[in-house]
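Here is a protein to question term by term. Each label should be traced back to a value and a cut-off.

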Amino acid sequence: MNKICCIGHITRDRIITPQQTIDMAGGTSFYMAHGMHHLSPDFPFQLVTKIGQESQEEVDRLRQMNIDVLSYSSPHSVFFENHYGLNSDQRTQRVLVKAAPFTIEEMKPLQAEVFHLGSLLADDFSPEIVKYLSQKGRISIDVQGYLREVRGEKVYAVDWKDMDAVLPYVDMIKLNEHEMRAIMRLNNPKTVAKKLASYGIREVIITLGSYGSLIYADNRFYEIPAYKPREVVDATGCGDTYSAGYLYMRSLGADYAESGRFAAAMCTSKLEHNGPYDGDYATVIARAKTL
């Protein structure tokens with residue numbers, strides 16, 4: 001039995017910043033797998049992905065790191081172009097190629113205590129998949145992909161049309177300040193957190209960029225500070241790195257506040273370099289003491 005199973009497409013990413021352009025692999029599952037591996041190589045974690053042949057080398061590299069990867073075939077891998085301006089909290093995106101969505105049949109072999117669904121686009125996971133997996137373990141969702149629709153190559157912000165069908169099966173949910181406004185039409189994160197909790201969600205995590213993050217659980221708010229980066233290099237995958245740190249600590253029995261601080265510190269460490277998190281557990285603990 002795995003502690004955590006992350007399901008999501010490994011992508012091909014083109015990251016454009018004022019300083020440079022880099023082509024690399026990406027996606028929630030990619031950043032989550034690297035994060036979990038660097039925190040603890042022996043942690044019972046599984047990555048489930050769906051890729052085109054062009055990403056097979058990336059899966060092979062993950063397996064060479066002894067990461068448990070279950071890979072399904074798709075005609076193509078998702079190809080994202082992420083364009084950042086001077087403000088790393090803001091980005092524009094294009095999707096040059098899409099991958100096939102996941103199916104219930106592909107979920108049947110999976111066994112885990114927590115399933116983290118790393119949606120990248122609105123049709124990655126149907127409500128039926130969420131309901132099915134909720135019968136096997138707890139569900140953790142990152143909202144971001146549910147609010148993205150691709151028309152041509154452009155990514156459009158859309159309403160979460162299946163929200164009411166999905167949320168009753170969710171135990172943990174992560175979203176940022178832009179996503180909370182999109183799904184609730186509200187600006188106050190505490191109000192949003194309470195509304196989401198009314199669906200039965202036990203842990204609501206709202207990241208607020210340089211303002212830190214907010215966790216609502218057991219009818220209580222936990223305000224998590226942001227750790228100031230020495231240098232902002234690459235913000236792609238920071239939210240996924242936060243999820244990796246938070247879920248890892250919660251699986252070890254850490255409380256909400258400790259898990260949130262750990263996740264925030266890990267996220268900042270990732271922000272200071274290109275690519276996924278490459279430190280270790282001790283690196284995060286040292287950064288968490290810098291406030």
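Q: Where is glutamate 81 found?
A: Glutamate 81 sits in strand β6, which covers residues 78–84. The model is a predicted one.

Q: Why is glutamate 81 called buried?
A: Its relative accessibility is 14%. Buried means under 20%. Glutamate 81 therefore counts as buried.

Q: Which residues does glutamate 81 touch, not counting residues up to four places away in sequence?
A: Glutamate 81 touches Arg14, Ile16, Thr92, Gln93 and Arg94.

Q: What makes serine 140 count as buried?
A: Serine 140 has 4% relative accessibility. The cut-off for buried is under 20%, so serine 140 is placed in that class. Serine 140 belongs to strand β9, residues 138–142.

Q: Which residues are in contact with serine 140, leaving aside its neighbours within four places in sequence?
A: The partners of serine 140 are Val114, Phe115, His116, Leu117, Met172 and Leu247. Contact here means heavy atoms within 4.5 Å.

Q: Why does histidine 38 count as partly exposed?
A: The value for histidine 38 is 23% relative accessibility. Buried is under 20% and exposed is over 50%, with partly exposed in between. Histidine 38 therefore counts as partly exposed. Histidine 38 is placed in helix α1, residues 28–39.

Q: How many residues apart in sequence are histidine 38 and tyrosine 277, and what is their C-alpha to C-alpha distance in space?
A: Histidine 38 and tyrosine 277 are 239 residues apart in sequence. Their C-alpha atoms are 7.4 Å apart. Tyr277 is also among the residues that histidine 38 touches. The others, outside four places in sequence, are Met65, Asp278, Gly279, Asp280 and Tyr281.

Q: What is said of the phi of asparagine 66, and where does the residue lie?
A: Asparagine 66 has a positive phi of about 65 degrees, although it is not a glycine. Asparagine 66 lies in the loop between α2 (56–64) and β5 (68–73).

Q: Why is asparagine 66 called exposed?
A: Its relative accessibility is 67%. Exposed means over 50%, so asparagine 66 counts as exposed.

Q: What makes asparagine 219 count as exposed?
A: Asparagine 219 has a relative accessibility of 71%. The cut-off is over 50%, so asparagine 219 counts as exposed. Asparagine 219 lies in the loop between β14 (213–217) and β15 (220–224). Its phi is positive, about 60 degrees, although asparagine 219 is not a glycine.

Q: Why is glutamate 258 called partly exposed?
A: Glutamate 258 has a relative accessible area of 37%. Partly exposed lies between the 20% and 50% cut-offs, so the label follows for glutamate 258. The residue is in helix α9.

Q: How many residues apart in sequence are glutamate 258 and serine 140?
A: They are 118 residues apart in sequence. In space, glutamate 258 and serine 140 are 18 Å apart, C-alpha to C-alpha.

Now the helix packing.

Q: How do you know that α9 and α10 are roughly perpendicular?
A: Helices α9 and α10 (residues 281–288) pack at an angle of about 105 degrees. Angles of 65 to 115 degrees count as roughly perpendicular. The two helices therefore earn that label. Their axes are 8 Å apart.

Q: Which residues of α9 and α10 meet?
A: Phe262, Ala265, Met266, Thr268 and Ser269 come from α9. Tyr281, Thr283, Val284, Ile285, Arg287 and Ala288 come from α10. This contact divides into 7 nonpolar, 3 polar and 1 charged residues.

Q: What is the angle between α8 and α9, and what is the hand of their crossing?
A: Helices α8 (residues 238–251) and α9 (residues 256–271) pack at about 145 degrees, with axes 8 Å apart. Their crossing is right-handed. The contact residues divide into 13 nonpolar, 4 polar and 3 charged.

Finally, the whole chain.

Q: Why does the radius of gyration agree with a compact globule?
A: With 291 residues, a compact globule would have a value near 19 Å. The protein has 17 Å, which agrees. Its C-alpha atoms fill a box of roughly 45 × 40 × 40 Å along the principal axes.

Q: How many helices and strands does the protein have?
A: It has 10 helices and 15 strands. Buried residues make up 56% of the 291 residues.

Methods
Residues are numbered from 1 along each chain as its sequence is written. This is a predicted model: local features need pLDDT of at least 70, side-chain atom pairs count only at pLDDT 80 or more; totals for chains, interfaces and linings use all residues. Side-chain values use heavy atoms; hydrogens and water are left out. Axes are lines fitted to C-alpha atoms, for helices over the stretch in contact, and angles run from 0 to 180 degrees between N-to-C directions. Helices (H or I, at least four residues) and strands (E, at least two) are DSSP runs, numbered from the N terminus. A crossing is left-handed if the near helix is turned anticlockwise from the far one by less than a right angle, and right-handed if clockwise. Ala, Val, Leu, Ile, Met, Phe, Trp, Tyr, Cys and Pro count as nonpolar, Asp, Glu, Lys and Arg as charged, and the others, Gly among them, as polar. Angles under 35 degrees count as roughly parallel, over 145 as roughly antiparallel, 65 to 115 as roughly perpendicular and the rest as oblique. The radius of gyration is taken over C-alpha atoms; the globule rule is 2.2 Å times the number of residues to the power 0.38. Buried means under 20% relative accessible area, exposed over 50%, partly exposed in between (1.4 Å probe, protein chains only).
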